[in-house]
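Work through the exercises below with the sequence and the coordinates at hand. Each task is followed by a solution in steps.

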Amino acid sequence: MKHWKRLLALLLSGAMALSLFACNTTAKTTGGDPSASPSAAVSADPSADPSPSASPEIVADLTQPPLMFAAGVNPEDVMLTVNGEDVPADRFFYLLGQACMSTQQYFSYFGLNLADMPDAAGELLEQGVRLTIYHTLMRQKAAELGCLPTDAQMEEVRQAMEQADLDTAAPYWDLSDDSVRFIFELTPYYDNVKDAVTHEPDEQELSEYLAAQKVYRVKHILLKTVDDSRQPLADDVIAQKRAQAEDLLSQLQGVGADGLEAKFDELMMAHSEDNPQNNPDGYTTSSGQMVAEFEAASLSLEEGGLSGIVETEFGYHIILRLPLTDEAKDQYREQFQVDAMEDLAAQWIEEAQVTRAAALDSLNAIDFYVRLSAYHQALAEKDGSAESGGVG
């Protein structure tokens, strides 16, 4: 839960600029995979699973357009003006919906819904505003820097729009043709501006960046001292786990450097209770992503170094630190550029002349999302009934 504000900030980055989902027909949609970069997919579903967000007390009025029902606005109403450019409601609320959707997905890992987190409404609204300003500025900066989408990129956009089921999605979002195109053009505008204002790091820059981010790669053997609900095991069982950890550590300490990783892998696969088959190459991560004791022990090791027994809230760990793979370094090379881009974008946002519509002052982002989810769910059920021959 402590990372939810960080998640919202990540919506602005190239690594997670938007989490949009493509669909064929909404009645059949249950979700999809979030994009690795700004997506061109127009979704007919605001959440990977609309039911957690849709309140059973809300009866959607399908005689109203979706934005009127969910937020009391018309699609063409101006919600923001960015450096003199008006942003219509359909575009703003689509982007706000994506911010809500991504946050709902995050909460779902903890068994929570946005409706359970009323204190998040104000932050969500501001992230929706910031996300809208961000992507509006990308177009303005592309024109300013002379890096507008190429003919080839626009042909890709055209083909993507042809392949999309826009007729199905339209009733769910009330998007104008201009706003649909805006969404489909997010990727080329973002990519072109990023390429124009950042550069790929050389080896020295990459090394300094990795050190600053405290990026490391480890394998570990975990012997759990808690059950699946994180309740402590019996004292005698914990004592047995400690003795087992000491025995495994003793076996590893007797192995030379050349054979240490192979022996570690053997014992990890045989004894670790952290599903090592899912991560046979270990974890590549950075500061703040692991529990404090695990991170501190990992960062204290040199590459190739073996820890002692490290106790965390999950149990006893034995950690082997390893060099970063070339694949991981390539990913961080790209992240170097993304971070540089975000630093510039933050400056551009601060410098932008932004006027907000009065309607935003009273808008509750979570109420909007819950009502929109109820509307989408009702419309999906109606479409499903019609497809099966029922009365819509």
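**Exercise 1.** Find the bridge partner of V218 in strand 6, and state how strand 3 and strand 6 pair.

Solution. The model is a predicted one.
- Step 1: V218 has R321 as its bridge partner in strand 6.
- Step 2: Strand 3 spans residues 216-224 and pairs with strand 6 over 8 bridges.
- Step 3: The sense of this pairing is antiparallel.

**Exercise 2.** Describe how strand 5 is joined to strand 6, and give the partners of V310 and E311 in strand 6.

Solution.
- Step 1: Strand 5 covers residues 306-312 and strand 6 covers residues 315-322.
- Step 2: The two strands run antiparallel and are joined by 5 bridges.
- Step 3: Opposite V310 stands H317, while E311 has Y316 as its bridge partner.
- Step 4: The connection between strand 5 and strand 6 is a hairpin through 2 residues.

**Exercise 3.** How many residues of strand 6 are buried?

Solution.
- Step 1: A residue counts as buried when its relative accessible area is under 20%.
- Step 2: In strand 6, 8 of 8 residues are buried, and the strand is mostly covered.
- Step 3: Strand 6 has bridges to strand 3 and to strand 5.

**Exercise 4.** Which residues of helix 6 are buried, and why are they on the same side of the helix?

Solution.
- Step 1: Helix 6 runs over residues 166-173, and its buried residues are T168, A169, Y172 and W173.
- Step 2: These residues lie on the same side of helix 6 because they cover an arc of only 115° around the axis.
- Step 3: As a general check, an α-helix has 3.6 residues a turn, so residues three or four places apart point the same way.
- Step 4: After helix 6 comes D174, which has a positive phi near 60°.

**Exercise 5.** For N83 and R230, give phi, the place in the chain and the exposure.

Solution.
- Step 1: N83 is not a glycine, and its phi is positive, near 50°.
- Step 2: The loop that holds N83 lies between strand 1 (78-82) and strand 2 (85-88).
- Step 3: With a relative accessible area of 39%, N83 is partly exposed.
- Step 4: R230 is likewise not a glycine, and has a positive phi of about 65°.
- Step 5: R230 sits in the loop between strand 3 and helix 10 (235-253).
- Step 6: The cut-off for exposed is over 50%, so R230, at 55% relative accessibility, counts as exposed.

Methods:
Residues are numbered from 1 along each chain as its sequence is written. This is a predicted model: local features need pLDDT of at least 70, side-chain atom pairs count only at pLDDT 80 or more; totals for chains, interfaces and linings use all residues. Side-chain values use heavy atoms; hydrogens and water are left out. Buried means under 20% relative accessible area, exposed over 50%, partly exposed in between (1.4 Å probe, protein chains only). Helices (H or I, at least four residues) and strands (E, at least two) are DSSP runs, numbered from the N terminus. The arc is that of the directions from the helix axis to the C-beta atoms. Two strands pair if DSSP finds at least two bridges between them.
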